[in-house]
Amino acid sequence: MELVLEAEALGKRYGRSWALRDCTLRLPAGRVAALVGPNGAGKSTLLHLAVGLLRPDAGAVRVFDQVPYGNTALLAEIGFVAQDTPLYRELTAEELVTMGGKLNRRWDADLARRRLAQLGIAPGKPVGKLSGGQRAQVALALALAKRPRLLLLDEPVASLDPLARREFMQSLMGSVAESGTTVLLSSHILGDLERVCDYLIVLHSAEVKLAGPVEDLLDRHRQLIGPRRVDDTPIAGVAAVVKASHTDRQSTLLVRADGDPIDPSWTVRDVTLEDLILAHLTDGGSARASHEAWGVPA
Ligand code: ADP
C-alpha cells in the first residue's frame, strides 16, 4: 500500500498550547480524505505541516516519504488551497493561469482554462469581482493545473452557499476521479464531506480522535439501545463504548465492536458517519460545545 502522508507523534505548539499533539496517521494513495473537527481543532495546522509551511515541534511528518519543511522540490507534487482561497483579486483568471505557468515547472494551463470555461467563469474578469463560489473554482483550477499527486484543501467550501458547495464538491470529485490524485480536505461542516470522502480523520482539541477508511469505521461501530445500564460490566461483542447517553429507563451506546456477536439483549443498529463523528467529538462536558460548533442541535 503506497502511503502519501505519514505522521508520527506529530506536534505543533504555539507558546504553551498545542495546536496539534501526538498526531499519528497514515493516509494511503488514491483516497479522498476528510479532515473534520470544530474550529480550532488543529486542521489548518496539520495541513500547513503537510505542505511544509510549518515546522513540527514534536514528532515527524512525511509526504511521499519526504520531509516537507523547506522542501521546494516536494512542493511541485502538492496542490494546496489555503483557507479563504487567497488570490490576487485584481488579476483575472486568465492572468492567474499565465502566472502559474511561470511559477511552476509542470503546469497544465489547458486543463485550468477548460475547467473555467466549462464552469462559465469569465477569464477576463478580475477574480475579486467573481462570486465566492467562482473564486473557489478558480483556486481549485489553479491547484489542479499543477497536476499534483496530493491535493490539500483547507475549508474549501466554508464561505459558499449550499448550492455552490455542492457544485464545488461535484466538480472536485469529477476531476480527482480522472487523475487519481489523493485529496485531503478539511471542513467543519459535516454534510459537505459525507457523500464524497472514503477516508476520515477526526480532530478535536489538537488530537486525532478517529482515523481510517470510512467503510471500515462504519463496519466497526454500532449503536446499541437497551434498558438503562447501571454499571460498566463488559458487553459481549463490544471492544469499547465510545459514547453513552441515558434516559431514566434507556441507554443508547455508540460502541466499537470486536467482531464477535453482540449481546442479544441489546437492539443493534448500524451507525451513520454523522453518528460516528459526533460521538468521537462529544466526550463528557464538551458535548454541548461540540454540537454547537457543528451546527447540530444538542
Ligand atoms: P482549525 O483549522 O481546526 O480551525 P487551527 O489549526 O487553525 O484549527 O488552530 C489550532 C489551534 O492553534 C487553535 O487553538 C488556534 O487558536 C491555534 N493557532 C493557530 N495558529 C496560531 C498562531 N499563528 N499563533 C497562535 N495560535 C495559533
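This passage describes the ligand site and one helix pair in a predicted model. Local features need pLDDT of at least 70, side-chain atom pairs count only at pLDDT 80 or more, and totals for chains, interfaces and linings use all residues. Residues are numbered from 1 along each chain as its sequence is written, and side-chain values use heavy atoms, with hydrogens and water left out.

The ligand is surrounded by Tyr14, Ala19, Pro38, Asn39, Gly40, Ala41, Gly42, Lys43, Ser44 and Thr45 (each with a heavy atom within 4 Å of the ligand). By class, this shell holds four nonpolar, five polar and one charged residues; Gly counts as polar, and Tyr, Ala and Pro as nonpolar. Helix 1, residues 43–51, gives the most to the shell, with three residues (helices are DSSP runs of H or I, at least four residues, numbered from the N terminus).

Backbone N or O atoms approach ligand oxygen atoms at several points. The distance is 2.7 Å for Gly40, 2.8 Å for Ser44 and 3.0 Å for Gly42. Taken alone, the ligand exposes 560 Å², and the protein buries 54% of that (Shrake-Rupley method, 1.4 Å probe).

Elsewhere, helix 5 (residues 132–145) packs with helix 6 (residues 162–179). Their angle is about 15° and their axes lie 10 Å apart (axes are lines fitted to C-alpha atoms over the stretch in contact; angles run from 0 to 180 degrees between N-to-C directions). Helix 5 is therefore roughly parallel to helix 6 (angles under 35 degrees). The crossing of helix 5 past helix 6 is right-handed (the near helix is turned clockwise from the far one by less than a right angle).

Conventions
A polar contact is a pair of N or O atoms within 3.5 Å; within protein, one must be able to donate a hydrogen and the other to accept it, and residues adjacent in sequence count only if both atoms are side-chain atoms. Helices (H or I, at least four residues) and strands (E, at least two) are DSSP runs, numbered from the N terminus. Angles under 35 degrees count as roughly parallel, over 145 as roughly antiparallel, 65 to 115 as roughly perpendicular and the rest as oblique.
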